[in-house]
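Visitor: Please take a close look at one part of this model, the contacts made between its chains. I would like a single connected account.

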Amino acid sequence: MAKPVLVVGGGIAGIQAAVDLSEQGIKTYLVEKTPSIGGRMAQLDKTFPTLDCAACILTPKMVSASKNENIELLTYSEVQEVKGSTGDFHVKVLKKPRYVEIEKCLGCGECIVKCPVSVPSEFNLGMGKRKAIYWPFPQAVPLVSTIDTEHCLYFTKGVCKVCQKFCPTGAINFEQKPEEVELDVASIIVATGFQLQDPRKIPEYGYGTHANVYTSLEFERLVSSTGPTTGEIVRTSDKKHPNSIAFIQCVCSRDVRMNPNCSAFCCTASVKQAILAKEHLPGVDCTVFYMDLRAFGKGYQEFYDRARTEFAIRFVRGRPARIEEVPGTKNLTLTYEDTSEGRLKKTEVDMAVLAVGVKVNPIEPFTNVQLDEDGYIKLPNSYLDPVSTGVNGIFAAGVVAGAKDIPDSVTQASAAAMRASVLAVREKA
Amino acid sequence: MSEEPKVGVFVCHCGMNIAGTINVKEVIEYSMTLPHVVDAKEYIFMCSAPGQDLIKDSVKKSGLNRVVVAACSPSMHEPTFRRAVEEAGLNRYLLEMVNIREQSSWVHSDEKQKATEKTKDLIRMAVAKASLLEPLEDLRFGVQPASLILGGGVAGLRASLDLAERGYKVHLVEELPTLGGRAARLGKLAHVDMKGAEMVGSLIKAVVSNPNVTAHVNSEVTELDGSVGYFKANIKYKPRFVDAKCTLCGECFRVCPVEVPNEYEFGISKRRAIYLPFKEAYPPVAVIDSETCTRCGECVKVCEPHAIDLDEKGHDLEAIAGGVVLATGFSPYEPPEGEYGYGHSKKVLTLFQLERLLDEDGPTGGELKLEGSTPRTLAFIMCVGSLGTTKNAHQYCSRMCCASALKNILTIKDRYPEVEIYTIYKDMRTYGRGDERLYERAAERLVKFIMFEAPPTVNVKSDNLEVRVHDATLQEDLLIPADAVVLAVGMSPSQSLPKVRSVVKVGCSAEGFLREAHLKLRPVEAPADGIYLAGSVTSPKNIVESVMAGSASAAKAAALFGKEEIRIEPMIAQVTEEICSGCAICIAMCPYGAISRKQKDEKRVAEVDKALCKACGACVAACPSGAMQQAGFKDIQMMAQIAALTEKRGA
Amino acid sequence: MGLEDKLLSSPSLWLCYYCGECSDTCPRDADPGAFMMAARRYAIRKYSWGKLASIFYGNPAASVAGFFFTTLTALLGVLLLRGSAIFSPVNLQQFFSFEIIHNVGLLLGAFVGLGALANLAIMAKQIGTGRRAEISPKKKLGVWFSTLVASVIRESLAQIGYLKCTNRNRYFAHMALFWGFLGMSVATMIDFLLGIGNVPLVPVPPQRVLGLASGIAFCCGATYYVYKRVRRDEQHVRFSHFTDWVFVLLLFLSGISGLLLTTTLYTNSNLAAYTLYAFHLVVVFDLIVLAPFTKFAHAIYRPLAIWVNEAAANISRLTGGTT
């Protein structure tokens, strides 16, 4: 019997690593700090270049992860402390209280329907709403409600408890306490992923002040059939369809002010978003403003060529200097240099989407694991061993080890699982 | 069949992929009118947990015994729904999956009404077949916990090491006389103080010293039979004509009269017919190239340890493996003669050749010398063979060339600061970790970057090379009087790929690299179970990405080997022995040699080897008596589908 | 890369105020501000008639030598041609003949004036080659004239553009320096025209008031510039080419020495007065002689660039053509 392995982070990389390990018969703990696994990929509508719907290819893996008898899902949980060494790690994990008992919850959703409190939804990046008792998204795994104590009327004011009244199995437990568990594992895979940088660091783009400037992830939610507008691309200011959309690349990437690195996937992601925009709104005018269009992966260049020829999406080489709001219409004026003409130009668009760069999530409890100056985990021997961190027995996979797209994250995750499995098998439980 | 079929129809929206074109409500209503259908449900993502639960609940509540799922392609989710059906308590093969995404919604997205009608037709056909489905049992086979790995480059080496450390036997087969692949021919690697051969050398050492690995160098797999869990390979060892007694004294190299271009130096220097591929080659034994050897025997005369045997014969070896990893790499794009002056001047070279020049173990000892002198002005032309820049070029991006070229540019600037370098590029794709910094450093060192839309031209003159390019940023035509031109060539599919594919049944994508099971979520697996794809065999990759893919494919193979037995789809050919006349037409038809004859009572009948049958259906079509049927695709089932299609549509 | 003509034909170089915002904002650290400044230094070398500017800018040793040579000439001139130093009251005219100054001044003025015209002609020709016939002065003379008046008044005299800088102090400093310099020149001109030798100290004549006020303004401006270059706290002063120092220090020293000199006249400090006077003469000599070869040259190039740019835009607007 092999010793278990811990995977931290329930995005596609973490899920893949856990599934690979479990397929080898190795017990795997998959710890995820939000209430559901799925990560960034769950927020995507379609994936490039195949235009598969992200949920279609992700949710079966999520179901696999939850059903597999070798995987123990610890969602809404966080790693507190890591002690020990390779082959023999002792990890303290805090299971945060959902105030709903996982074994009893059916995922029927009655509690959510009845809850009187609506708050902005994190999954929809504040553009839609959820209740104080909620699932992050309808295909969440596990499909168990979670109570947000900051907004729940019971926790803030001591009243309501409607969810408990209507729950058919009595799964709601307001007395639930956080639970600390200690896991003994042979090896650890860190796959904690990323957020987007804060585009307010570039005030001249007007994010946060101009109503119709969005981040790429926000636009992705707008375009998604599971999003706040069920896939209708409408402007925040007037709920109208935009006639023109500008996609601006390298926002908070390749920028010495906050992040000199390239975020790898945003070029092709924006091409995808422009294509989706054209599919949703056939008459819309889409322009992508870029520095270099990094369509480097398999099928990406062909995808980019299709965007130009088949979908008539315009590509302008020139990083806009600023985005100004037109008072009244709330349209946006972009000032940019079209480098192919060497001229300064202005153009007015209805909507602007910023392809915001990657900001790696912090990995606090892993105090021994060294990071480089941008927050990515250092891989001291990246050529021979592209998943090993400087600490024996701790591996890294996905964006936490460098910005990358889904195929590369999945490949690195499997590679990490391979290395972790050798240690797990060596140390008998 | 004993019981009345009770069919449930489940229609998926697939987000907007299906629902955006097909009127799902109408389809559901129609489905309920079909014979034997007792339940019809729809859901936004049928493959998700709630979707699968919907199917399971319906099976229980409505007592279904046949399930039709109308959704995406079976190649995507048939296994998912089969599992769901099995969890609901039915035999997993009582599922019929209809593709209404690729085959209706996506192809007819502009004719919504007609697409909906077509969807109804497809479902009607599926329901007709589903009513006649029979329960089937998976075929079970044991798994050989050993791996066959084709290709001894970084991807193959890493996969070998991982599987060997994990405890599984590995047969590593390399067609060249040395392990190491392309990475061993690189100079200094980016971001580290190590050259390619050093890095590969330590990997080789770890691999060959692991007792679980048997390395077959200078060998090829000439036959591969079997399928996942049990493959039988014939490995043909090609004679080296030199054995392990070789001390690498080099005497034989001196006396050999034959000189040919050295492919390990990409043609910029020569080697003899007896040679050592490179300093760090493994095994560290000389080898004779039988195609160019004249058999003069001079080498034998001078070989003190008598290591040379010109009469050595090759031999064949059989290897059994449960899974196969293809890691056969790529070939550098070879520009046709005249493209950017390639072949017309010794001063036009490829990036691979430049790596050799800059390597201190290379033909010039690491000195950047072309025809005796160091160029003062160097032009790098990027995207050669990629991005459709020239007539012969591929459409795709070769991914690694931007960073590779910049790495070499910085090396040159370190050693020869006075050299003027112009980098003529279409797009600067330094996407990798730390690679943006290479671009910045090159700009800081005053390398000039010229962006082109129309590719540059190289005019070979007597004393220099005139590079003309229209700079798209300055809108100026520029003339660069370069002393040498380096072409940053891309990656082409390996030249040995046709040979490999004749042995291993794997498909290619449109551009000629091997096709993976799914581009996003299954990038290291071939569509066929038991075959894994690692490294640049599927698409251009740099070293780190190839090594990751090697480990990833090992993880997939390890998952296979860890199982005691595997289950294979039972849709294979079956003989109804009572009807079989023993005509043997099927035996001649079978491309996999899976059918033989056996004696049954007084007659001879056909017999199908379940392990070898690939369910292609050729024998079924050829059988004149209908004795050969394919499980899951029986004649009555197919006829029912055809009849359902041609009948007039109901109300 | 053979694009020198394109660079030199562009008046855009001179429209830049070097606020440094571009360099502060640049996400790639490309420092376009410093590039513009370097391009201007390059243009000064290239527009200049003869080889001197090129040498001065290109070679620190040569420029030190040139500077040394000029200073030595002035110093020798003062020492050899001076008169007597009376002790009370301070008589500057007696110490060093105003006539010599006037004559030398006229010579220098002619030299600098001709040089400036020559350089302007070179610059105009460069711009012309780059801009083709659309903006040929042969057409639309009226527009050219009206633009000259408007652009010169707006930009050169009122320097409205400077107001847009985030750091307003630069506007005030430059105005003080510019107008201070003009004011002192006018005051000196008046003295010269009136043929006044030794100007009485009291009552204070109007041109002396002008001169003093201008001098104080000038010194404030010059001090600000030296201070900024020492502090290096903004983009445009982070790097100082030695020609920048030459210019700024010469301005500063000429201003300070002039002010102090005037003070000594009132306090009757003879030794200080004559020393300062000699010093002042040398510094001013340097300033004027070296003018076409230093940053001072922007005083002629900028107005021309602005004029050409504005006129081209106006012509284009009138003809509805493409420029």
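Guide: The model is a predicted one, and the account below starts with chains B and A before turning to chains C and A.

Where chain B meets chain A, 78 residues of chain B are in contact with 74 residues of chain A. The two chains bury about 6100 Å² between them, and carbon and sulfur atoms give 58% of that area. On the side of chain B, the three residues that supply more than any other three are B:Arg433, B:Lys520 and B:Leu521; their share is 14% of the area that chain B buries against chain A.

The domain division of chain B helps to place these residues. Domain 3 of chain B covers 331–492, while domain 2 is assembled from 146–238, 315–329 and 494–561. The remaining parts of the division are domain 1, at 7–138, and domain 4, at 572–630. Between domain 1 and domain 2 of chain B, the C-alpha centres are 39 Å apart.

Polar and charged pairs also cross from chain B to chain A. The rule finds nine salt bridges across this interface. A salt bridge joins the side chains of A:Lys298 and B:Glu516, with an N to O distance of 3.1 Å. Polar contacts across the interface of chain B and chain A amount to 32 residue pairs, both residues being at pLDDT 80 or more.

Cavities are a related matter. Searching the whole structure gives 13 cavities of 30 Å³ or more. The largest cavity has a volume of about 220 Å³, and 20 residues line it. Closest to the centre of the largest cavity are residues of both chains: A:Pro407 and A:Asp408 from chain A, with B:Pro523, B:Ser539 and B:Lys541 from chain B.

The contact of chain C with chain A takes five residues from chain C and seven residues from chain A. Here the buried area is about 520 Å², with 51% given by carbon and sulfur atoms. In chain C, the residues that lose the most area to chain A are C:Thr25, C:Pro27 and C:Arg28, together 83% of what that side buries. By residue type, the side of chain C that touches chain A has two nonpolar, one polar and two charged residues. Across this interface of chain C and chain A the rule finds zero salt bridges, but it does find two residue pairs in polar contact, both at pLDDT 80 or more.

Notes:
Residues are numbered from 1 along each chain as its sequence is written. Chains are lettered from A and ligands numbered from 1 in the order in which they are written. This is a predicted model: local features need pLDDT of at least 70, side-chain atom pairs count only at pLDDT 80 or more; totals for chains, interfaces and linings use all residues. Side-chain values use heavy atoms; hydrogens and water are left out. Domain bounds come from an automatic or database domain assignment. Contact means heavy atoms within 4.5 Å. Buried area is the accessible area (1.4 Å probe) that two parts lose on being put together, summed over both. A salt bridge is a side-chain nitrogen of Lys or Arg within 4 Å of a carboxyl oxygen of Asp or Glu. A polar contact is a pair of N or O atoms within 3.5 Å; within protein, one must be able to donate a hydrogen and the other to accept it, and residues adjacent in sequence count only if both atoms are side-chain atoms. Ala, Val, Leu, Ile, Met, Phe, Trp, Tyr, Cys and Pro count as nonpolar, Asp, Glu, Lys and Arg as charged, and the others, Gly among them, as polar. On a 1 Å grid over the protein atoms alone, a cavity is a set of points where a 1.4 Å probe fits but cannot get out, and a pocket is an open set with protein on both sides within 12 Å along at least five of seven lines; lining residues have an atom within 4 Å of a point. Grid points are joined across faces, edges and corners, and a volume is the space filled by probe spheres set on the points.
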